[in-house]
Amino acid sequence: MDVRNCKKCGKLFNFDGDSLCPACAKEMEEKFFVVREYIYKNPSAGMAVVAEDNDVPIQQIKKWIRQERLTFSRESGISIDCEACGKPILTGRYCKECKGKMTNKFSSAYVEKPAEQKDGTKISSKGKMRFFGN
């Protein structure tokens with residue numbers, strides 16, 4: 001069992017991958033919905049204004065943006081940088097082009113090889129069913 005101190009309140013809790021205790025995590029989740037509603041009602045508000053008006057650290061807002069839970073309108077002037085190329089984006093970690101490049105790299109990395117028999121000859125996936133040795 002991994003026990004850690006909450007980064008917000010300092011209480012001990014069973015670590016489950018989140019750096020906040022359950023009570024602080026619940027409070028932060030409630031703040032998320034307040035911030036989301038605030039952004040919806042004030043689409044041109046800057047990140048500093050949103051953070052100040054809702055008593056939420058800017059780093060937390062950036063974390064929600066990277067997780068694609070929040071996005072700002074183009075009118076707000078708020079953007080974050082793509083982690084691969086540095087291009088300004090409104091949400092997530094990567095821009096559309098870099099996501100496409102990564103998808104292509106991942107799909108080309110997976111190449112299905114034909115199965116082989118014990119004697120090293122390749123088994124064809126085409127044709128008829130074959131039975132070997134009885």
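Let's start with the nonpolar core. By that I mean a set of buried Ala, Val, Leu, Ile, Met, Phe, Trp, Tyr and Cys residues joined through side-chain atoms within 4.5 Å. The largest one has 26 residues. Seven of them touch the most other members: V35, V50, I61, W64, I65, L70 and F72. Buried here means under 20% relative accessible area; exposed means over 50%, and partly exposed is in between, with a 1.4 Å probe and protein chains only.

Which elements give two or more residues to this core? They are α1 (22-41), α2 (47-54) and α3 (58-66). The top contributor is α1, with six residues. Helices (H or I, at least four residues) and strands (E, at least two) are DSSP runs, numbered from the N terminus.

A word on the source. This is a predicted model, where local features need pLDDT of at least 70, side-chain atom pairs count only at pLDDT 80 or more, and totals for chains, interfaces and linings use all residues. Residues are numbered from 1 along each chain as its sequence is written, and side-chain values use heavy atoms, with hydrogens and water left out.

Back to I65. Leaving out residues up to four places away in sequence, I65 touches M47, L70, F72, I80, L90, T91 and G92. Contact means heavy atoms within 4.5 Å.

Next, I89. This residue sits in strand β4, residues 88-89. Buried or exposed? I89 counts as buried, because its relative accessibility is 9%. With the same sequence neighbours left out, up to four places, I89 touches R66, S79, I80, D81, C82, Y94 and C95. Take S79: ten residues from I89 in sequence, and 5.4 Å away C-alpha to C-alpha.

Now the aromatics. Rings of Phe, Tyr and Trp (its six-membered ring) pair if their centres lie within 6.5 Å; planes under 30 degrees apart are stacked, over 60 edge-to-face, and the rest tilted. There are two such pairs in the structure. One is F32 with F33: the ring centres are 5.2 Å apart and the planes at 70°, so this pair is edge-to-face. F32 is buried at 3% relative accessibility. F33 is partly exposed at 41%.

F32 also pairs with W64, edge-to-face, at 5.2 Å centre to centre and 70° between the planes. That pair links distant parts of the chain, with F32 in helix α1 and W64 in helix α3, 32 residues apart. Both F32 and W64 are buried. Ring pairs thus join F32, F33 and W64 in a cluster.

Two arginines sit over rings. The rule: NZ of Lys or CZ of Arg within 6 Å of the ring centre and within 35 degrees of the ring normal. R69 lies over the face of F32, 3.9 Å from the ring centre. R4 does so over F15, at 3.7 Å.

On to the cysteines. How many disulfides are there? Zero, by the rule used, which asks for a pair of cysteine sulfur atoms within 2.5 Å. Why no bond for C9? The closest cysteine sulfur, in C24, is 3.7 Å from that of C9, too far for a bond. C9 is partly exposed at 37% relative accessibility.

Last, helix α4, residues 96-109. Its 14 residues reach 20 Å from first C-alpha to last, close to the 20 Å expected at 1.5 Å a residue. That expected span is 1.5 Å times one less than the number of residues. Of those 14 residues one is buried, so α4 lies largely in the open.
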